[in-house]
Amino acid sequence: MPAHPALPDTLPLFPIRGCILLPGEALPLNVFEPRYLNMVDDAMSGNGFLGIIQPRETGPREHPDLERVGTAGRIAKHTETSDGRYLIVLVGVSRFTLTAQPRLKTPYRVGRADYAGFEHDIEGPPADEAGADRAGFLALLQRFFQHAGIEADWSSMEHAPLSAITGKVAMAAPFDAACKQALLQASKPCVRRELLTSLMEGALEHASRGPSSGPAGRLH
């Protein structure tokens, strides 16, 4: 059974490599492929849910294998452009484990979702943990953003919960698909922040050694 009554057992799947959606976060998408325009139409006429999941590098090119864990998101905003594209904003609700892919007569893929183990996603982000080094994390984040050429509203970050900052950075930071998946599957925000800290420190250390050094941090 779903972890929440609103969560569907079957989801249209939107595979995007290098892209994750975390519960409570918003993901803007520019939809232009005919099969995914069809998918959005079907979702809008139904429960409004889509599943964001990463494709793997294995399997046929047109039908690659998928990661085991994705996120169910609800379409919160929907706009159609003059050239027929959809600009949507998807808000993450809960992660899921992909258990099967039934063959339906749709141009897009559909998956069966098991939400067991992700019940806390529905509850929203917890308060910041006591003893968390907020100042140290933000200082590291500022150095990493400068290195990666990412702009940020630092004044708003000063007051935002660490869990929210961690989620937004995990989605936006230019790490490779494997790192993104690890960030998605982290058991809780503090674990995700620890992993994110390690990835950012690795990327900065690699940059300090120069271009001839081996890979670290696995930036795109």
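Helices are taken here as DSSP runs of H or I with at least four residues, and strands as DSSP runs of E with at least two, both numbered from the N terminus. The model is predicted, so that local features need a pLDDT of at least 70 and side-chain atom pairs count only at pLDDT 80 or more, whereas totals for chains, interfaces and linings use all residues. Residues are numbered from 1 along each chain as its sequence is written, and side-chain values use heavy atoms, with hydrogens and water left out.

**Exercise 1.** Determine how many helices and strands the protein has, and in which order they run.

*Solution.* Counting the elements gives seven helices and six strands. Read from the N terminus, their order is β-β-α-β-β-β-β-α-α-α-α-α-α. Turning to burial (buried means under 20% relative accessible area, exposed over 50%, partly exposed in between, with a 1.4 Å probe and protein chains only), 43% of the 220 residues count as buried.

**Exercise 2.** Check the span of helix α3 against its number of residues, and decide where its buried residues lie around the axis.

*Solution.* The expected span is 1.5 Å times one less than the number of residues; for the 15 residues of α3 (134–148) this gives 21 Å, and the end C-alpha atoms are 21 Å apart, which agrees. Next, the buried residues of α3 are Phe137, Leu138, Leu140, Leu141, Phe144 and Phe145. Viewed down the axis, they fall within an arc of 160° and therefore line one face of the helix, the arc being that of the directions from the helix axis to the C-beta atoms. On the other side, Ala135, Arg143 and Gln146 are exposed. The cover over the buried residues includes α4 (154–157), α5 (162–172) and α7 (189–209). Finally, Gly149 follows α3 and has a positive phi, near 75°.

**Exercise 3.** Find the aromatic pairs of the structure and classify the geometry of Phe96 with Tyr115 and of Phe144 with Phe145.

*Solution.* Rings of Phe, Tyr and Trp (its six-membered ring) pair if their centres lie within 6.5 Å, and planes under 30 degrees apart count as stacked, over 60 as edge-to-face and the rest as tilted. Searching the whole structure yields five such pairs. For Phe96 and Tyr115 the centres are 6.4 Å apart and the planes stand at 70°, so this pair is edge-to-face. It joins distant parts of the chain, since Phe96 belongs to strand β5 (86–100) and Tyr115 to the loop between β6 (110–114) and α2 (120–123), 19 residues apart. Both Phe96 and Tyr115 are buried. For Phe144 and Phe145 the centres are again 6.4 Å apart, but the planes stand at 55°, so that pair is tilted. Phe144 has a relative accessible area of 0% and Phe145 one of 6%. Ring pairs further link Phe144, Phe145, Trp154 and Phe175 into a cluster.

**Exercise 4.** Describe the surroundings of Thr166, and state whether this residue is buried or exposed.

*Solution.* Thr166 is placed in helix α5 and, at 1% relative accessibility, counts as buried. A polar atom of its side chain lies 2.8 Å from the backbone oxygen of Leu162. Leaving out residues up to four places away in sequence, Thr166 is in contact (heavy atoms within 4.5 Å) with Phe137, Pro189, Arg192, Arg193 and Leu196.

Notes: A polar contact is a pair of N or O atoms within 3.5 Å; within protein, one must be able to donate a hydrogen and the other to accept it, and residues adjacent in sequence count only if both atoms are side-chain atoms.
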